[in-house]
Amino acid sequence: MIRIIDTHTHLDGEEFADDRQEVIERAQQAGVCKVFIPAIDLPSVTTVMQVCSANPGYAYPMIGLHPEEVRADWQQVLDEMKQLLLANLQSATQPHAIAIGEVGLDYYWSREFEKEQLAAFEQQVLWSIETRLPLMIHCRKAQQEMVHLLKQYEKELPGGVFHCFTGNEKEAAELLRFDRFLLGIGGVLTFKKSHLPEVIKTIPLERIVLETDSPYMAPVPMRGKRNEPAFTAHVLEKMAEAYGLSPEDVAAQTTANAMRLFLPEEKL
């Protein structure tokens, strides 16, 4: 049986409020053996923990401040979030965070909080170094700035994922120079005009993990619908086709990659 991991889903979101457990059941039927859920702000730390506590050994939490949620009060938010993170890692009852995320830089819509985003990202990079938890990085229209910041801490970082990678060969090569980092590939791989099928042929399969970013970015043939973890199977199919490998082989490798980075002490 194929076993795949959706390394990035916002299953705690309101979009899943009415049928979350059915969504999880569909994912399990599609071979999704684990899901990783990033926080994006302070309230979502609570909702992420609730979903993960209700699905132990299946749903795993991440704690971080999404760049699009960085505002003037970012330092206060991060101070509170760090206390939650440290308390979580010491908790005997909560599922422990497996990563610092979703964090990063996003200058797609606006550069209004450019400096604040950089400062918030750097603090959370330091959390990763301090806790030895990998990073789940969101980067849009900011790769140059992100790479510049990460290079300062390259030797100390435990690793991470460049989530929702949609770049070209040159951009992929630049990111893969961070040798403990992987690229997260999702629904964009399946889009009709996507160049990703050609790009990923240049990327070692050992450096890739699967993701959905659900409820967003649904893959073909589900475009226009709410995305969900079960649709990871469509990404797997397209990736197998691009590499000229069986879905079973791609599933085995990408799942091993995710386990190695995020759950090194667990066995499937």
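Biologist: What makes Arg-140 and Asp-106 a salt bridge?

Modeller: The term needs a side-chain nitrogen of Lys or Arg within 4 Å of a carboxyl oxygen of Asp or Glu. The closest N and O atoms of Arg-140 and Asp-106 are 3.1 Å apart, so the pair fits that rule. Arg-140 sits in strand 5 (residues 135–140) and Asp-106 in strand 4 (residues 99–106), so the bridge ties together parts that are 34 residues apart in sequence. Helices (H or I, at least four residues) and strands (E, at least two) are DSSP runs, numbered from the N terminus.

Before we go on, this is a predicted model, where local features need pLDDT of at least 70, side-chain atom pairs count only at pLDDT 80 or more, and totals for chains, interfaces and linings use all residues. Residues are numbered from 1 along each chain as its sequence is written, and side-chain values use heavy atoms, with hydrogens and water left out.

Biologist: Why is Asp-106 called buried?

Modeller: Buried means under 20% relative accessible area, exposed means over 50%, and partly exposed is in between (1.4 Å probe, protein chains only). Asp-106 has 3%, so buried is the word. Its partner Arg-140 has 29%, so that one counts as partly exposed.

Biologist: How many salt bridges are there in the structure?

Modeller: There are 13. Another one of them joins the side chains of Lys-82 and Glu-130, at 2.8 Å from N to O. That pair also links distant parts of the chain, with Lys-82 in helix 3 (residues 74–90), Glu-130 in helix 4 (residues 114–131), and their positions 48 residues apart.

Biologist: Why does Lys-82 count as partly exposed?

Modeller: Lys-82 has 21% relative accessibility, so it falls in the partly exposed class. Glu-130, at 48%, counts as partly exposed too.

Biologist: Which residues are linked in a network of salt bridges?

Modeller: Asp-19, Arg-26, Arg-226 and Glu-228. Within that group, Arg-226 and Glu-228 have their closest N and O atoms 3.4 Å apart. Arg-226 is partly exposed at 27%, whereas Glu-228 is buried at 5%.

Biologist: Now the rings. How many aromatic pairs are there?

Modeller: Six. Rings of Phe, Tyr and Trp (its six-membered ring) pair if their centres lie within 6.5 Å; planes under 30 degrees apart are stacked, over 60 edge-to-face, and the rest tilted. Take Phe-36 and Tyr-60: their centres are 5.7 Å apart and their planes stand at 80°, so that pair is edge-to-face. Phe-36 is in strand 2 (residues 32–38) and Tyr-60 in strand 3 (residues 59–63), 24 residues apart. Phe-36 is buried at 0%, and Tyr-60 is buried at 7%.

Biologist: Why is the pair of Phe-162 and Phe-181 called stacked?

Modeller: The planes of Phe-162 and Phe-181 are at 25° and the ring centres 5.0 Å apart, so stacked is what the rule gives. This pair joins strand 6 (residues 160–162) to strand 7 (residues 181–185), with its two residues 19 apart in the chain.

Biologist: Which ring pairs form a cluster?

Modeller: Phe-36, Tyr-60 and Phe-262 are linked into one by ring pairs.

Biologist: What makes Thr-9 buried?

Modeller: Thr-9 has a relative accessible area of 0%, so it is buried. Thr-9 lies in the loop between strand 1 (4–6) and helix 1 (20–29). Leaving out residues up to four places away in sequence, it touches several others, including Val-35, Phe-36 and Ser-214; contact here means heavy atoms within 4.5 Å.

Biologist: How do you know that the span of helix 4 agrees with what its residues should give, and what is that span?

Modeller: The expected span is 1.5 Å times one less than the number of residues. For the 18 residues of helix 4 that comes to 26 Å, and the end C-alpha atoms are 26 Å apart, so the two agree.

Biologist: Which parts do the buried residues of helix 4 pack against?

Modeller: Helix 3, strand 4, strand 5 and helix 5 (143–151). Among the buried residues of helix 4 are Gln-117, Ala-120, Phe-121, Gln-124 and Ser-128. An α-helix has 3.6 residues a turn, so residues three or four places apart point the same way. Just after helix 4, Arg-132 takes a positive phi of about 65°.
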